[in-house]
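Work through the exercises below with the sequence and the 3D view at hand. Try each task before reading its solution.

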Amino acid sequence: MPTIQDFEATGKTEVNPLREGLTRRKNPDPCSIVLFGASGDLTRRKLLPALYNLGRDGLLPSKLAIVGFARRPKSDEEFREEMLEAVRDNARLYDESDPLWDEFARSIFYHAAAFEELEGFGSLSERLERLERELGLPANRLFYLATAPNQFSTIVKALGKVGLVPPPGTAGGWRRVVVEKPFGRDLASARALNRELREVLDENQIFRIDHYLGKETVQNLLALRFANGIFEPLWNQKYVDHVQITAAESLGIEGRGGYYEQAGALRDMVQNHMLQVLSLVAMEPPVANEANAIRDEKVKVLRAIRRIRPEEVDRFVVRGQYGPGLVLGERVPGYREEVGVLPDSRTETFVALRLAIESWRWAGVPFLLRSGKRLPKRVTEVCIQFRTPPLHLFGEDTASSVAPNALVINVQPDEGVSLRFGAKVPGPDLQVRQVKMEFRYGTSFGTPTPEAYERLLLDAMAGDPTLFTRSDEVEAAWTLVTDILNGWERFGKDPYQYPAGTWGPQEADRLFEGTAGSWRRL
Ligand SMILES: NC(=O)c1ccc[n+]([C@@H]2O[C@H](COP(=O)([O-])OP(=O)(O)OC[C@H]3O[C@@H](n4cnc5c(N)ncnc54)[C@H](OP(=O)(O)O)[C@@H]3O)[C@@H](O)[C@H]2O)c1
């Protein structure tokens, strides 16, 4: 039996099957996917294109049925036509001459029914059994809830009632449910939803999606930290001055005023995406590269974040709301002028927070988070800013012209990592200037990065929950966020106004008090 070393010693250039075996996993077992909300925006823009891309990459199960479930009546053929348009408009791998489409389309079906009517689930069950017989599929079923959040629990109860999800432990194929965001709107509603889902499902059947975790760069945080020897020794309060996480969007609310009025930046971005990223940045090394080991460490971080008492909310959290302004050269209206928004709305379109993680590793290191709409550009990044050297050997001028070392992980749009450090300017004097060492996904690997939903759908089919959020993580995140929401309700100032196209209200700068830093100019 050859070893990897034997293989490498021969210098062969073809694919090394041993190495491949270590990194590439097999395609998921044949299954059916039911998309609840099949005529919705998410299915059209993300889910069907992601499934198609997986097909193009040869990653789908050898046999598959995709059943769309929504209210409006239409035939399989009509639904396939709609999905062809969705794929044409949104799939990164689609091309006109693609021979895959016809074959892929034959695995797509449509089932018209309302979520509130049990008969529709009974007939779905019969339809799935028939398809499984005809296509030779096992009874492995993935139910994807791409619906409004207030329909999650109705659908799961109906799945239980008609036996589409039999009681846990029953023999037969696997049954899994993917739940979209938002998962609750505060701690009480998230707990209630967890309880309702668990009346029908085991925790290991519930896949709560956070599409940020499907992004390559977010997963690269684990590789960067734990596949390298050089970063981890510095990854603590001895060497890190502070950590900044930014999730900025230049877009406004895109006609979704009704939704956004109920959400706001804290619920929409911080409770899920930003706290998930923070927990990957701050977690301890897991005992294994295994779903629960990783999620155990993430939840410990969330629990170690110091809770913000209601009366402290304006000290640690700044909220803002965009007024009219110029974004990327275009004049845009203020939030309160958007359709579906109240003229005296207090909903925040920007939020900045200063969090403290009370752990041995992070004591005294502020974590500064900011997220907003109608900011100057779309960018998501994590910046680990290190302490300055203990002695300014090259004089005060250098100390002020060279910013402290920073490791920046770009999540979007230019996925990559860069390291900022000081270097000598060529010439007879000893002048130091700031330079950057960069790694870009696109240039280093030369392959387009898959969409987050591709990875997450593949993992859900394969039964790997690592990149999905466990119930205790969701509840720990909501605990922190609900404290802030309560504080705003009782003691919070009105959101500060900021002109669209700027980096949010200046009041957010004071969150840096006592640190050597400021918000990065991106
Ligand atoms: N859109 C995004 O980019 C995005 C991003 C992240 C997360 N999400 C989440 O994904 C979920 C879906 O969002 P979406 O934007 O796709 O919603 P959407 O466009 O409003 O679509 C809703 C879907 O649900 C169906 N539906 C509604 N009520 C129904 C009922 N009583 N019975 C049967 N079908 C019913 C609709 O079917 P009919 O048209 O036939 O009525 C439609 O297919 C939400 O939880 C959202 O927060 C969306």
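The model used here is predicted.

**Exercise 1. Helix 17**

Task: Compare the end-to-end reach of helix 17 with the span expected at 1.5 Å a residue, and decide how far the helix is enclosed by the rest of the structure.

Solution:
- Step 1. Helix 17 covers residues 471-491, which is 21 residues.
- Step 2. From the first C-alpha to the last, helix 17 reaches 30 Å, close to the expected 30 Å.
- Step 3. A residue counts as buried under 20% relative accessible area. In helix 17, 16 of the 21 residues are buried, so the helix is largely enclosed by the rest of the structure.
- Step 4. One residue of helix 8 (residues 187-198) is A188. The C-alpha atoms of A188 and T479 are 9.1 Å apart, although 291 residues separate the two along the chain.
- Step 5. The limit for exposed is over 50%. A188 has a relative accessible area of 54%, so A188 is exposed.

**Exercise 2. The nine-stranded sheet**

Task: Find which strands stand at the edges of the sheet, then describe how strand 7 pairs with strand 13 and with strand 12.

Solution:
- Step 1. The strand order of this open sheet is 16-15-14-13-7-12-11-8-17, and the pairing is mixed.
- Step 2. Strand 16 (432-440) and strand 17 (496-499) are at the edges; each has a single partner strand, so one side of each has no neighbour in the sheet.
- Step 3. On average, neighbouring strands of the sheet are turned by 20° against each other, direction ignored.
- Step 4. Strand 7 (residues 240-248) pairs with strand 13 (residues 379-386) over eight bridges, in the antiparallel sense. On this side, A248 stands opposite V379 and T246 stands opposite E381.
- Step 5. Strand 7 and strand 12 (residues 366-372) run parallel and are joined by six bridges. Here A247 is opposite S371.
- Step 6. Nine of the nine residues of strand 7 are buried.

**Exercise 3. The ligand**

Task: Name the residues that come nearest to the ligand and list polar contacts made by R45, T147 and Q151.

Solution:
- Step 1. There are 23 residues around the ligand, and S39, D41, R45, R72 and T147 come nearest.
- Step 2. In the side chain of R45, an N or O atom is 2.5 Å from an oxygen atom of the ligand.
- Step 3. T147 uses a backbone N or O atom, 2.7 Å from a ligand oxygen atom.
- Step 4. For Q151, a polar side-chain atom is 3.0 Å from a nitrogen atom of the ligand.
- Step 5. The ligand taken alone exposes 900 Å², of which the protein buries 81%.
- Step 6. Helix 3 (residues 41-56) gives the largest share of the shell around the ligand, with three residues.

**Exercise 4. Unusual backbone geometry**

Task: Locate the cis peptide bonds before P182 and P413, and decide whether L328 and R374 are buried or exposed.

Solution:
- Step 1. Most residues other than glycine have a negative phi, and most peptide bonds are trans.
- Step 2. K181 and P182 are joined by a cis bond with omega about 0°; P182 is in the loop between strand 5 (175-179) and helix 8.
- Step 3. The bond from Q412 to P413 is also cis, with omega near 0°. P413 lies in the loop between strand 14 (406-412) and strand 15 (416-424).
- Step 4. L328 has a positive phi of about 50° and, at 68% relative accessibility, is exposed.
- Step 5. R374 has a positive phi near 55°. Its relative accessible area is 13%, so R374 is buried.

Conventions
Residues numbered from 1 in each chain as written. Predicted model: local features only at pLDDT ≥ 70, side-chain atom pairs only at ≥ 80, totals over all residues. Heavy atoms only, no water. Pairing = 2+ DSSP bridges. Helix = DSSP H or I, 4+ residues; strand = E, 2+ residues; numbered from the N terminus. Axes fitted to C-alpha atoms, helices over the stretch in contact; angles between N-to-C directions. Expected span 1.5 Å × (residues − 1). Buried < 20%, exposed > 50% of the residue type's maximum accessible area, 1.4 Å probe, protein only. Near = heavy atom within 4 Å. Polar contact = N/O pair within 3.5 Å; in protein donor to acceptor, adjacent residues only side chain to side chain. Areas by Shrake-Rupley, 256 points an atom, 1.4 Å probe, with all protein chains shown as cover.
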